[in-house]
Every structure is written in structure tokens, then in C-alpha cells.
2 protein chains.
Amino acid sequence: MIGAIAAVLTTLAFLPQVIKTIKTKDTSGISLGMYAMQVTGIGLWLAHGIHIGDMPLILANSVSFVLSGTILYYKIRSS
Amino acid sequence: MIGAIAAVLTTLAFLPQVIKTIKTKDTSGISLGMYAMQVTGIGLWLAHGIHIGDMPLILANSVSFVLSGTILYYKIRSS
């Protein structure tokens, strides 16, 4: 139960950052390295989830992949 | 193996952000909501790890907790 709440929080945490970044286009303080690593790491989590057929892992990482990928896109576009 | 690389990448992804934030003190583009949710979620992952006695979960989330907590500290201090 604690694990489920933890998973939802860390997955949806990217959402307020996505909203802020789309609204303000202010990415100067955001680290390109962080989002390059996040998107790669989350992509590997997703591959791992597909490989072992674990639906919670697939769902959570699909959401995180789109959200952190959006932040990475804005960071690259503005730099 | 893919899961292990994924875990290392998503755990250490916060490190370039911590370095950038400490160097530049530029947190205007960083979302307070994101780091409030991250630190809470990672704290719950850590509690879950201690509860079930899973060492990889404890280690990875201890590192993430300190790193994302540092970003949250700088964000709160500058706002």
C-alpha cells in the first residue's frame, strides 16, 4: 500500500514540472543531463517491464516516459 | 540486468541537477510541486524498502532522497 502511493507520487511528480515548463518556457535552471538520464533510464525500465510482462511497471513508466520526455524536448528546443 | 542499469540511471539522474542548482542557484524554472512530490514519494519508497527489508530499494531511495531533497531545499530557499 505504501509502495503503491510511493509509485503514484514519483510517477506523477513530473506533471507539475511539465505544466510549469510548457507555461513559462523557462528551462534555464533545468539540467539537460538529468532529463537525458531520466528518459534513458525510464525507457530501460519500460523495456524491462515489457520483458518480464509486469503491467504496473509498464503503465507507470509509460506515463513517466511521456512526461519526462516532454521536459527533455522543451530543454533541447530552448538551448 | 536492464533493470539494474535503469535503476542506477534514474537514481543518479538527480545528480547533474543538484550540481547545476548548487552552481547557478537558478531555480526559477524548477517546479516546487515536482520536488515536493518526489521527496515525499521517495521517502515512502524508502519506508516501504525498510518495511520489507529490501536492500536495493533502501540504498537507491536513500541516494535519491538526499539528491532530490537538496534540490527541494534550494528551491524553497530561493522562493
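## Exercises around helix α3(A)

S31(A) caps the N-terminal end of α3(A), with a side-chain oxygen 3.3 Å from the backbone nitrogen of G33(A). This is a predicted model, where local features need pLDDT of at least 70 and side-chain atom pairs count only at pLDDT 80 or more. Residues are numbered from 1 along each chain as its sequence is written, and side-chain values use heavy atoms.

**Exercise 1.** Work out what span helix α3 of chain A should have, and set it against the model.

*Solution.* Start with the helix, a DSSP run of H or I with at least four residues: α3(A) covers residues 32-52, 21 residues. Next, take 1.5 Å times one less than the number of residues, so the expected span is 30 Å. Finally, check the end C-alpha atoms: they sit 30 Å apart, which agrees. Just past the helix comes G53(A), with a positive phi near 65°.

**Exercise 2.** Find what covers the buried residues of α3(A).

*Solution.* First pick out residues that are buried (under 20% relative accessible area, 1.4 Å probe, protein chains only); among them are Q38(A), G41(A) and I42(A). Then look for cover: it includes α2 and α4 of chain A, plus α1, α2 and α3 of chain B.

**Exercise 3.** Place T10(B) and say what it touches.

*Solution.* T10(B) belongs to helix α1 of chain B, residues 2-12. At 16% relative accessibility, T10(B) counts as buried. Leaving aside neighbours within four places in sequence, T10(B) is in contact (heavy atoms within 4.5 Å) with Q38(A), G41(A), I42(A) and W45(A). Its side chain also makes a 3.3 Å polar contact with that of W45(A); such a contact is a pair of N or O atoms within 3.5 Å, one able to donate a hydrogen and the other to accept it.

Methods: Chains lettered and ligands numbered in written order. Helix = DSSP H or I, 4+ residues; strand = E, 2+ residues; numbered from the N terminus. Buried < 20%, exposed > 50% of the residue type's maximum accessible area, 1.4 Å probe, protein only.
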